[in-house]
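Here are my notes on the model, set out as numbered points. Please read them with the structure open.

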Amino acid sequence: MTALRPERESGAAYGDAAEHGSSYGQQPYEGSGVWQGQGQGHEWSGYPQYPVDGAAGYGQQPYGQQPYGQQAPQPGYDATAVFPSYEVPGTVPPYGDDETVALRASDVEVARRTAERAGASAPEHGGRAARRRAARRHGRHGGQTTAGKVPETPGKPAGRPTEAPRSRMEARRAARAQKPGAAVLVSRVVGELFITTGVVMLLFVTYQLWWSNVLAHQEAGSAAQHLQQDWASGKRAPGAFAPGQGFAILHIPKLDVVAPIAEGTSKAEVLDKGMVGHYGEGSLKTAMPDARTGNFALAGHRNTHGEPFRYINRLQPGDAIVVETQDAYYVYKMTSTLPVTSPSNTSVLEPVPRGSGFTAPGRYITLTTCTPEFTSKYRLIVWGKMVEERPRSKGKPDALIS
């Protein structure tokens, strides 16, 4: 780069005669040093060498046909010492342009160009026109920069391109594209239905397997307590009991079962309340425990709602089954079982039940429940034969004491 230098004090232009009648490159200044030729070039021995555009004027061959750019500066060259700079406070010293040998732009323009190269916006003090030009170039709301990246801001990573401002039509199209389609809506509805169904089924299973037992045990325990209080107070029940009315208490010591016995086998009025129902209605009517002969038949849930007969399949021949009434204790011994039979097989309720092994009239007990567990497809039957009738005045039988 060719640097500018101040004119001589004489006011002579480059190429004109100087004070001593010579131009630059032809006659040296007076002093201890003189131009000495070395080959085709010259060297000033008094001052350090510096390049110029030409000895006789711009555009001519400098210093003895030596091309510009090949003359290397001598060691110790200091341009500021030879040509001191003149600085004005508040301004940037002018310097030559790389290509046009002209003054560069002001410091504001230089700062703006530097900011554009770095991907930032122009300085605020460039004037209203400069700010408007910067807004048109970068977008009114801080769009994408010339480098294609977003300026780094606190809390936001730099270098990620932002979406250019869109028209209203483009924004509407983008909004419609973001709306879920019919297949997505259907899948969401189906998924919500499955979730709701699963929750309902879980609640139903919880109610059936746990909460129904809690309620049934409470109701059955309350019914047995009221029945014993009535017996203790001397209240006597009539010979015929109304459907759902409790009249006895069933004890199965081996299974730790204590459940009130009510008249009838209604699911809602008797069985679902945790009680044991007596077959005492219509064609399925059976004898009472105080009858001289007959079959005292009972039904109960095997699962849920108190499940008093859940484990009667574990009874073995000789296990005690005790029926407690207001006047006496009736003790039966388990004799036989029928693991599976049809729900329509009512012959097991006859005075001499079929399949029980009994051949003559007697005082029998029959327990019926569903099988397999948690289903009502078949029936499980357990039979027993009375071995003792003990008045309450004599106290509890041995089966309830041991």
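**Notes on charged residues and a buried histidine**

1. R133 has a relative accessibility of 40%, so this residue counts as partly exposed. Keep in mind that the model is predicted. R133 sits in helix α3, which covers residues 128-138.

2. R133 does not stand by itself. R128, R131, R132, R133 and R136 together make a positive surface patch. Patch members must have over 30% relative accessible area and no salt bridge. At 40%, R133 passes the area cut-off.

3. Next, the charge pairs. Side chains of opposite charge can pair when their charged atoms come close. The count for this model is 10 salt bridges. Three of them are taken up below.

4. R363 and E389 form one of these salt bridges, with 3.1 Å between the closest N and O atoms. R363 belongs to strand β9 (residues 363-371) and E389 to strand β10 (residues 378-391), so this pair ties together parts 26 residues apart in sequence. R292 enters here as well: salt bridges with shared partners join R292, R363 and E389 into one network.

5. Are the two partners buried or exposed? R363 has a relative accessible area of 17% and is buried. The cut-off for buried is under 20%, so R363 falls within that class. E389 is at 36% relative accessibility and counts as partly exposed.

6. K267 and D272 also pair through their side chains, in a salt bridge of 3.1 Å from N to O. K267 is partly exposed, at 48% relative accessible area. The exposed class begins over 50%, so K267 stays in the class between buried and exposed.

7. R310 makes a salt bridge with E307. Their closest N and O atoms are 3.2 Å apart.

8. Which residues does H305 contact, apart from its neighbours within four places in sequence? They are Q208, S212, N213, A216, L271, D272 and G274. D272 thus appears twice in this note: as a contact of H305 and as the salt-bridge partner of K267.

9. H305 is found in a loop, the one between β6 (294-299) and β7 (320-324). Its relative accessibility is 9%, so H305 counts as buried. Q208, one of its contacts, is 97 residues away along the chain. Even so, the C-alpha atoms of H305 and Q208 are separated by 7.5 Å.

Technical notes. Residues numbered from 1 in each chain as written. Predicted model: local features only at pLDDT ≥ 70, side-chain atom pairs only at ≥ 80, totals over all residues. Heavy atoms only, no water. Helix = DSSP H or I, 4+ residues; strand = E, 2+ residues; numbered from the N terminus. Buried < 20%, exposed > 50% of the residue type's maximum accessible area, 1.4 Å probe, protein only. Contact = heavy atoms within 4.5 Å. Patch = residues over 30% accessible without salt bridge, like charges linked within 9 Å, V, L, I, M, F, W, Y side chains within 5 Å. Areas by Shrake-Rupley, 256 points an atom, 1.4 Å probe, with all protein chains shown as cover. Salt bridge = Lys/Arg side-chain N within 4 Å of Asp/Glu carboxyl O. Lys, Arg positive; Asp, Glu negative; His and termini not counted. Charge placed at Lys NZ, Arg CZ, Asp CG, Glu CD.
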